[in-house]
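This briefing covers a ligand site, several buried and partly exposed residues, and a few points of backbone geometry. Please read it alongside the sequence and the model.

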Amino acid sequence: MAEMFKKRAAFGKSPKISDYRAGKRHLFISPLRGDIFHICASLDPRYICCSTHVISHISNCPFECTYCFLQNYLTDATLTVVADSNAILDEIREKTSRQPWRLFRIGTWELGDSLAVHPLNKAALELVEGFAGLPNCILKLRTKSAEVTPLLDAEHGGKTVVSWTMNPPEVIRREEIGTARMDARLRAMERVASAGYPVGIHFDPMIMFDGWEHAYERLVNDIFSSVSPEQVIWISIGSLRFNPEMKKKIENNYPASTITAQEMILGDDNKFRYVRPVRVQMYRHVLELLKEAGAGICFTYLCMERWNVWQEVFGRYPDSIGHLDFLMAESVWKRFPGMCSCRPRKEKYMALEY
Ligand code: SF4
């Protein structure tokens, strides 16, 4: 991975590259400027969102997923990483200590992949070890790489979840260019689980193609041949979505991709999605496969969907974003008690405002 970067700049002035794909080949190591810890920017009160928090210290990504929203989001596309873990941890400590009753799930993937920038995985390691001392926080690394070796000997204290976005090999080959192959991701998953990390799994974005049912069936079977459901803390399911401006960018950047050719509808959040019966069919299929694999015990939720889709898929839905936040904390408390410093209280979470 290191050879792919044409230029590096350490603590200087950002090269400010506007071309999205060119920016991926230039790594800029930045000092911390301003606050970096906040609630996920995709949170939308019209949906039942999981209200995760994020640290936005990575911007852009060396991988080239055709569906990546960054191609329509970044103005400065230079691949940038803030390499000041102590300052990041200080900010998180200060802000999360104001709500000691709350379990904060904190991701590092908002604007990039948590583990794709191999030369800087040391920064991920520093965060992993720092989170071991934060009582009400869980660090969420999310990746499509298999670069986990630096994590294996870390003093993680059971406070970091290592997660993978999972799609069948057919999708990886065509739409997740440059990412680790499925067998490498599975092997990496096995290794972190053996090192005591809880694992997260994200079937998001699910992508429709001929033979998708069997492909996802093989995928679920392969995952649970590598890790046991007891080692999986949560599973999210979501489907492909993008806004009209991004549709044009996908077609320009990745003309071989077929993801914009399918039937989709534009929602009132200005995003194209598969029509609702198709999404429900896909989600139900994966849910059924998870049950058959014994993974019904893992907390499973939908990403960016409304209550009516939850109802059709699960036969129930959380009352609010705060309720889903509580249900996730409660599941962690019951299944991974060392990760949660106090028993979650429903009324506290329900009173949160979004
Ligand atoms: S791994 Fe994530 S951040 Fe990187 S290109 Fe793919 S979708 Fe974008």
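Which backbone oxygen lies 2.9 Å from a polar atom of the side chain of tryptophan 164? The backbone oxygen of serine 145 does. The model is predicted, and the points below are grouped by topic.

**Tryptophan 164**
- Tryptophan 164 belongs to strand S10, which covers residues 160-165.
- Tryptophan 164 has a relative accessible area of 0%, and because buried means under 20%, tryptophan 164 counts as buried.
- Leaving out residues up to four places away in sequence, tryptophan 164 touches Thr143, Lys144, Ser145 and Val148, and also Arg185, Ala188, Met189, Val192, Gly200, Ile201 and His202.
- Proline 229 is 65 residues from tryptophan 164 along the chain, and their C-alpha atoms are separated by 15 Å.

**Ligand site**
- The ligand sits in the largest pocket.
- Around the ligand are Cys61, Phe63, Cys65, Cys68 and Leu70, together with Gly112, Asp113 and Lys144.
- By type, this shell divides into five nonpolar residues, one polar residue and two charged residues.
- Lys144, one of the residues around the ligand, is also among the residues that tryptophan 164 touches.

**Threonine 108 and helix H3**
- Threonine 108 is found in the loop that runs between strand S8 (104-107) and helix H3 (121-131).
- With a relative accessible area of 2%, threonine 108 is buried.
- A polar contact of 2.6 Å links the side chain of threonine 108 to the side chain of serine 114.
- Beyond its neighbours within four places in sequence, threonine 108 is in contact with Ile55, His57, Ile58 and Ser114, as well as Leu127, Leu139, Lys140 and Leu141.
- In H3, the buried residues are Asn121, Ala123, Ala124, Leu127, Val128, Gly130 and Phe131.
- Leu127, one of the buried residues of H3, is thus named among the contacts of threonine 108.
- The cover over the buried residues of H3 includes strand S4 (53-55), helix H2 (85-96) and S8, along with strand S9 (137-143) and S10.

**Backbone geometry**
- Aspartate 204 and proline 205 are joined by a cis peptide bond, with omega about 10 degrees.
- Proline 205 is placed in strand S12, residues 199-206.
- Asparagine 270 is not a glycine, yet its phi is positive, at about 65 degrees.
- The loop that holds asparagine 270 lies between strand S15 (264-266) and strand S16 (272-274), and asparagine 270 is partly exposed, with a relative accessible area of 34%.
- Methionine 304, a residue other than glycine, also has a positive phi, near 55 degrees.
- Methionine 304 is located in the loop between strand S17 (299-302) and helix H9 (307-314).
- Relative accessibility at methionine 304 is 8%, and methionine 304 counts as buried.

**Tryptophan 333**
- Helix H10 (residues 321-335) contains tryptophan 333.
- Tryptophan 333 counts as partly exposed, at 24% relative accessibility.
- Not counting residues up to four places away in sequence, tryptophan 333 touches Cys340, Cys342, Arg343 and Pro344.
- From C-alpha to C-alpha, tryptophan 333 and proline 344 are 7.5 Å apart in space, with their positions eleven residues apart in sequence counted as their separation.

Terms used. Residues numbered from 1 in each chain as written. Predicted model: local features only at pLDDT ≥ 70, side-chain atom pairs only at ≥ 80, totals over all residues. Heavy atoms only, no water. Near = heavy atom within 4 Å. 1 Å grid on protein atoms, 1.4 Å probe; cavity = no way out; pocket = protein on both sides within 12 Å on 5 of 7 lines; lining within 4 Å. Sits in = over half its atoms within 2 Å of the grid points. Nonpolar A, V, L, I, M, F, W, Y, C, P; charged D, E, K, R; others polar. Helix = DSSP H or I, 4+ residues; strand = E, 2+ residues; numbered from the N terminus. Buried < 20%, exposed > 50% of the residue type's maximum accessible area, 1.4 Å probe, protein only. Polar contact = N/O pair within 3.5 Å; in protein donor to acceptor, adjacent residues only side chain to side chain. Contact = heavy atoms within 4.5 Å.
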